[in-house]
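The following exercises concern side-chain packing and charge pairing. Each task is followed by a solution in steps.

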Amino acid sequence: MASNIDFVNFVMEQINDIGIVSQKKMFGEYMVYVNQKPIILICDNIAYLKKWDCIKALCVENEVGFPYNGAKEHYILDVDDKETLAEIIREVEKVAKIPIKKIKKSKG
């Protein structure tokens, strides 16, 4: 089941005061970016967050799950708790990196 854009927009609204928030659709699911950094993976209308060391203490009570087959275990975010969500995302945004686009080598 693919995620609903209304859910994605809700998640984005919950964290819009942290920085520049955007999303990219991928295979029917979505990646939410904060300041160009991939932060939240949304699959089947569930918000997943990679298990970062910097948020272990903040996510002790969070459920965990697998966003897709073959994925590592992720935290499941409570997107209704705006304050806690923002605190968690702020910490991750500090350590996450902007992806580097690979330059394709030309043949010849």
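**Exercise 1: Core packing**

Task: State which residues Ile 40 is in contact with, leaving aside its neighbours within four places in sequence.

Solution. Contact requires heavy atoms within 4.5 Å. By this criterion Ile 40 touches Val 11, Ile 15, Tyr 30, Met 31, Val 32, Ala 47, Tyr 48, Leu 77 and Ile 89. The model is predicted: local features need pLDDT of at least 70, side-chain atom pairs count only at pLDDT 80 or more, and totals for chains, interfaces and linings use all residues. Residues are numbered from 1 along each chain as its sequence is written, and side-chain values use heavy atoms, with hydrogens and water left out.

**Exercise 2: Salt bridges**

Task: Determine how many salt bridges there are, and examine the pairs of Glu 93 and Lys 56.

Solution. A salt bridge places a side-chain nitrogen of Lys or Arg within 4 Å of a carboxyl oxygen of Asp or Glu.

1. The count by this rule is 5 salt bridges.
2. Glu 93 pairs with Lys 37, their closest N and O atoms being 3.1 Å apart. Glu 93 is buried at 14% relative accessible area, and Lys 37 is buried at 13% (buried: under 20%; exposed: over 50%; partly exposed: in between; 1.4 Å probe, protein chains only).
3. Lys 56 meets Asp 53 at 3.5 Å, N to O. Here Lys 56 is partly exposed at 49%, whereas Asp 53 is exposed at 63%.
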